Amino acid sequence: MKRKLAYLTAVLATAGLAACSAPSTKVMTDTGEIVTLSPEQTLKAYHWNLVNTIKADGSAEPAWVSSTTNQPLMLTFAENRVAIQNLCNTMNAGYALTERDIDFSQVAGTMKMCSDPQLMQYEQQVAKQLPTATDWNLASADQSQTNAPAPILTLHFENGDKWRLEGKPTAETKYGSQAETVFLEIAPQTEVCPQSGNNCLKVRSITYDGNGVQTSAGDWVLFQPSAINGYTHQNGVHQIIRTKRYEIKNAPAGSATEAYEFDMVVATGKAL
């Protein structure tokens, strides 16, 4: 583990207290269920968006916002890997935790050229700095309370810099269930939903075999325009998309029992 000698001495001296004082996080799912998460579970339960960098001299620099995504650097932790998102390339690294220490492996990822030279330079700096992280801590109010401030993750680095990242619940945290991958075909033209009068999406499910060959298609049904979170339909464009479907536990009578989160476009065109 990477740590400064003074920090190591302090950790050893307070090890018994650290395990007791590490904060847990309470979250409420969309169905009103309250769940208590350990610090490590909290790390995995949120997407972490960089708010600012605090330099060793105490000055603060705002987060770099990608010219491509118009979003700041985001870290997502899962299965002992961290995904580094909202930059130019797709990057990830391994990580290991103790109560206070964090180790990141060398960053790996795609190596495509960025159209923005400054973004490319920043991306290289991120890949170089992340493995120099030494320790981490969480500040999280009770997330089950209305209007609670978002949890804050702070990463400390060997050069004295600190990253402050704000948590946004993952879909698994929001819905309180694990996702099922579902492919949906979206018809090019919308249709009016009889009950609401809205222009609804005409959708059917698609299944594929292990070789990526389509094996079946379901019946056409109508979805409200907002039923697939993150998806924006272009009228006249025919698409197949990949989504993550979540069960909504204890859904009220008459409301949706499943939620869809847009993942990616698989195929698109005027006619498929």
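**Salt bridges around strands β19 and β20**

In this predicted model, the side chains of E180 and R245 meet in a salt bridge, with a nitrogen-to-oxygen distance of 2.8 Å, the term denoting a side-chain nitrogen of Lys or Arg within 4 Å of a carboxyl oxygen of Asp or Glu. This pair links distant parts of the chain, since E180 belongs to strand β13 (residues 180-186) and R245 to strand β19 (residues 238-247), 65 residues apart; strands (E, at least two residues) are DSSP runs, numbered from the N terminus. E180 has a relative accessibility of 43% and therefore counts as partly exposed, a class lying between buried (under 20% relative accessible area) and exposed (over 50%), as computed with a 1.4 Å probe on protein chains only. Residues are numbered from 1 along each chain as its sequence is written. The model being predicted, local features need pLDDT of at least 70 and side-chain atom pairs count only at pLDDT 80 or more, whereas totals for chains, interfaces and linings use all residues, and side-chain values use heavy atoms, with hydrogens and water left out.

R245 also meets the side chain of E258 in a salt bridge, at 3.8 Å from N to O. Because E258 lies in strand β20 and R245 in strand β19, this pair ties together parts that are 13 residues apart in sequence. Through shared partners, salt bridges join E180, R245 and E258 into one network. E258, at 37% relative accessibility, is partly exposed.

A further salt bridge is formed by the side chains of R242 and D263 (2.7 Å, N to O). With R242 in strand β19 and D263 in strand β20 (residues 258-269), the pair ties together parts that are 21 residues apart in sequence. R242 is partly exposed at 27% relative accessibility, and D263 is partly exposed at 32%. The structure holds seven salt bridges.

Notes: Helix = DSSP H or I, 4+ residues; strand = E, 2+ residues; numbered from the N terminus.
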